[in-house]
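User: I'm new to this one and would like to learn how to read it. Could you walk me through a few features?

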Amino acid sequence: MTSYTHPEAIRQLFELQRQASRAQVDVPLLVRRERLLRLQKLIEENMPVLCAAVQADFGMRSPRLTEVADFFVLRAQLSHVLKKLSKWMKPRRARTPLYLMPASAHVQTQPLGVVGVIAPWNYPVQLALGPAIDALAAGNRVIIKPSELTPHTSAQLAALVSQFFAPDEMCVVQGDAAIAALVASLPFDHLVFTGSTQIGRKVAQAAAANLTPTTLELGGKSPCIIDADCDLDDAALKIAHGKLLNGGQTCIAPDYLLLPRGKEGAFTEAYRAAVARLFPYFEGNPDYASIIDSRHLARLRNMLQQAQTQGADVQVMAQQPGTPPPPPTSIGDGVARQMPPTLVFGATQDMQLMQEEIFGPILPVVVYDRLDDAITLINNGPRPLALYWFGKSDSVRDSVLQRTVSGGVSVNDTLMHITHDGLSFGGVGDSGWGGYHGEAGYLRFSHQKSVLVQSRFSMGAMLYPPYGPQFDRIMSLLHKLF
């Protein structure tokens, strides 16, 4: 296996893929399907190995969590793409206006060429291979740069991809932030980045030098609105699941809660019960993921300390009584990095946890008196990647949807919109741009070429110069048509 870890080797790999993409501009359906089936086989045959690698990187993250959060999503995506690909590839007819009759027109999709994927660490398999599935379906070559914070997973992905794919089809490159910057600077035909808004700006700047189009899947402050009439027990369970999945390290996790004044006590009890149901214990629980490293854990603790110093009410969820089973072996310091779920009441806009994406199991609660106040707070901040609303009134729901802008929405649930194959996933404003998943992903990584097929009976020559009375009569007739 060739190791793509050095800048010159990575540049040569890119050139190899670029030349291959130019040599085979048209990629037939059978070739695309065969590549997708190979990727499907890679996933099915190596899930235990990849789950173990993720566990080693996090210190504490059970294979079952990785199965549902990474592999379930990839399986569903592959199944959907394989079923729909032949339909998506067919040219789409475009209605021809009268003045161009009897010409015909259609839109033809073609591969862009070489797609780069810079993937994050939080779902290191799903967010590396998910964009690659859509890119391969569109007939492209793919270079993946996984995160350096998940070295075991990155190394396994590199080894497995090299077994199942030729370097000019798909390949994984490894390295630190400097290698990621190099990848961002290459003249890809499209570049996908998933990560923070801060780094996303740097990626966009690097790509702009080559006029490389980008898909940026960033993060932000995703709000969750509780309406006065909602079922608090049901909402609390779904919010706790969305907030605490993967230890809160999810880009679309609820980042703060907007709660009607007077509901604080009831929600606290409902949330506490939901947490106890999902995670009867925290320390050593393999279903409750560790914070990825000590630096991220220190940042989260500093957020809480600052909030408490400034007068916030910090309520840490207690571990349930009883003796938990022993933790799995080979966890490193994973137990020490399992941060308990925490509610923060009285959070204000000058606190760090209300200014930055939290990316951990901390949920600030902001009370509101009127729905207008909640909507104003949302709209005064950067546009979020996700928004969640819980309630029973269709009219209130529709008002929230009409008056706010976000990348996506789940109503009376959290996270689930990302699993719908028919919905594009992407951000808006500071939370990113461009979307993929399903047909939207196929089109995102395709060039949609417009084709007009002129007839030999074309009347276009009637509009050619020299202009005179006949031209005037024709134009007068055409004006009446519009």
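User: Where does Phe-482 sit along the chain?

Analyst: This is a predicted model. Phe-482 belongs to the segment that follows helix H14 (469–479).

User: And is Phe-482 buried or exposed?

Analyst: The word "exposed" is used for a relative accessible area over 50%. Phe-482 has 67%, so it counts as exposed.

User: Which residues make a nonpolar surface patch with Phe-482?

Analyst: Its partners there are Leu-98, Tyr-99, Met-101 and Leu-481, and the patch covers about 570 Å².

User: Now the sheet. How do strands hold on to each other?

Analyst: In general, strands of a sheet pair through backbone hydrogen bonds, and the pairing can be parallel or antiparallel. Here, seven strands make an open sheet with mixed pairing, ordered S10-S11-S12-S9-S8-S13-S14. At the edges you'll find strand S10 (313–316) and strand S14 (408–411), each of them pairing on one side only. On average, neighbouring strands in this sheet are turned by 20° against each other, direction ignored.

User: How do S10 and strand S11 run, and how many bridges join them?

Analyst: They run antiparallel, and four bridges link S10 with strand S11 (residues 342–345). Take Asp-313: its bridge partner in S11 is Phe-345.

User: Which strands does helix H10 touch?

Analyst: Helix H10 (residues 294–309) packs on the sheet and touches S10, S11 and S12, with its direction at about 30° to that of S11. Then there's helix H9 (residues 264–278), which lies across strand S9 (256–260), S10, S11 and strand S12 (362–368). H9 runs at about 170° to S11.

Technical notes. Residues numbered from 1 in each chain as written. Predicted model: local features only at pLDDT ≥ 70, side-chain atom pairs only at ≥ 80, totals over all residues. Heavy atoms only, no water. Patch = residues over 30% accessible without salt bridge, like charges linked within 9 Å, V, L, I, M, F, W, Y side chains within 5 Å. Areas by Shrake-Rupley, 256 points an atom, 1.4 Å probe, with all protein chains shown as cover. Salt bridge = Lys/Arg side-chain N within 4 Å of Asp/Glu carboxyl O. Helix = DSSP H or I, 4+ residues; strand = E, 2+ residues; numbered from the N terminus. Buried < 20%, exposed > 50% of the residue type's maximum accessible area, 1.4 Å probe, protein only. Pairing = 2+ DSSP bridges. Axes fitted to C-alpha atoms, helices over the stretch in contact; angles between N-to-C directions. Contact = heavy atoms within 4.5 Å.
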